[in-house]
Amino acid sequence: MTASDVAVFIDPFSPRTEQDRLFDPASAPGTGDSTLTPFAHLRSWLNERGVEVHTADMLDARRPNGRVNLYLSLGMRQRYRRLARRPDVLLSGFFAFECPIVLPGIYRELHEIGQAFRRVFSYSSEAALRPFLRGPVRLSHFMWPQPFDDVHEGIWERGDRKLIVMVNANKVTRVRVNELYTERLRSIEFFNRRGELDLYGLGWDGPPIQLGRRVPGAVERLERRARRRWESLRPPTDPVRVAIREAYRGPTSRKAETLGGYRFALCFENSALEGWITEKIFDCFYAGTVPVYWGAPDVERWIPPECFIDMRRFEGYDDLRDFLLSLTDDEVDGYRVAARDFLRSERFRPFSKQTFAERIGGLIEEDAGVAL
């Protein structure tokens, strides 16, 4: 058997990137800068070695033809049980990309998923995820692959920067274990009182998107439209919603350019969970913006502490503000240069798109018995 006898089919994060749109970085506007680039790189890397790659919806219509079809999922669960019955399909790996407070259903099913797939990949450990699981599951570790390997030079070098920015979507979750959405709101209200924060992202011009609800998307969109209309007639008066209206500067399609206009970014993950390090801190590094980070409690295991400001060091936002205002230009540049050096070092390699491609290549070699 050779690489040309193998095909890889990947279920993406959602149906929006089926029909091979997963491999087109331009097909996911509004999700960040080039978030699909690692998957475009993966496809190119495998194609160069003779392996055909498509999204898994294209496997449904394909009849067995003597090839070995390796199936991977990045979170979708609607297809794998049916594919498991096909003799030409191997369920090679399931990647739990989203965190449990956003998509708790994945983690409720992870024990069952682990019995169907040869491997289940997670950024975290079974011990850290245990509050969200219904049974034991053996996990293989991976880190969220990043689209870039170095800073954006023209943006990184900017000097005309304002003080603080936040770039996030307006979301809330019903799962309260380790969630940090509430802290984002508190920080907006605190810094807006002093006129020091600009807020960007989707959904801040209306009620928050509610995660973890089991309602059709169309119903939720209608509900949000109705609530937005009501709030336009009778704007909420609570301090947080007032602060959001005053600080909000609109959505942004160019996250790096937006971040590059500020010295600091409030960079709070969705959840304070072991290993949960997403693109948020790296987006700051690329733009030369110093992240005030709150998220993975083991972040220093993966990213040197001199690259970011750890929110856990401070008693509250007054303490944080005093520290930020006390920093000299040279001290701010120290964080920026340390982050740039990290991106150029071997310590960044676990997060690189090349490492992700090589990891998938290893699965193919092991499961299909071919050399790439």
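Helix H1, residues 37-47, lies across strands E1 and E2 in this predicted model, and its direction makes an angle of about 150 degrees with E2. Another helix, H16 (residues 353-368), lies across E1, E3, E4 (89-95), E5 (120-122) and E6, running at about 140 degrees to E3.

Let's turn to the sheet that these helices lie across. Its 6 strands follow the order E2-E1-E3-E4-E5-E6, with parallel pairing, and the sheet is open. Strand E2 (52-55) and strand E6 (140-141) are at the edges with a single partner strand each, so one side of each has no neighbour in the sheet. Further in, E1 (residues 6-11) and E3 (residues 68-73) run parallel and are joined by 6 bridges. If you would like a pair to look for, Ala 7 has Asn 69 in E3 as its bridge partner.

Now pick out Val 53, a residue of strand E2. Is Val 53 buried or exposed? Its relative accessible area is 1%, and because the cut-off for buried is under 20%, Val 53 counts as buried. Leaving aside residues up to four places away in sequence, Val 53 touches Val 8, Ile 10, Phe 23, Arg 43, Leu 46 and Asn 47. Pro 15 is 38 residues from Val 53 along the chain, and 17 Å separate their C-alpha atoms.

Charged side chains come next, with 33 salt bridges in the structure. In one of them, Arg 118 meets Asp 367 at 3.2 Å, N to O. Arg 118 sits in the loop between helix H5 (110-116) and E5, while Asp 367 belongs to helix H16, so this pair ties together parts that are 249 residues apart in sequence. Asp 367 is buried, at 11% relative accessibility.

A second salt bridge brings together the side chains of Glu 196 and Arg 321, 2.7 Å from N to O. Here Glu 196 is in the loop between helix H8 (181-192) and strand E9 (197-200) and Arg 321 is in helix H14 (residues 317-326), so the pair links parts that are 125 residues apart in sequence. Glu 196 is buried at 15% relative accessibility, whereas Arg 321 is partly exposed at 21%.

Arg 254 and Glu 257 also form a salt bridge, at 3.6 Å, N to O. Arg 254 is exposed, with a relative accessible area of 53%, and Glu 257 is partly exposed at 41%. Elsewhere, salt bridges with shared partners join Asp 11, Glu 18, Asp 60, Arg 79 and Arg 82 into one network.

Terms used:
Residues numbered from 1 in each chain as written. Predicted model: local features only at pLDDT ≥ 70, side-chain atom pairs only at ≥ 80, totals over all residues. Heavy atoms only, no water. Pairing = 2+ DSSP bridges. Helix = DSSP H or I, 4+ residues; strand = E, 2+ residues; numbered from the N terminus. Contact = heavy atoms within 4.5 Å. Axes fitted to C-alpha atoms, helices over the stretch in contact; angles between N-to-C directions. Buried < 20%, exposed > 50% of the residue type's maximum accessible area, 1.4 Å probe, protein only. Salt bridge = Lys/Arg side-chain N within 4 Å of Asp/Glu carboxyl O.
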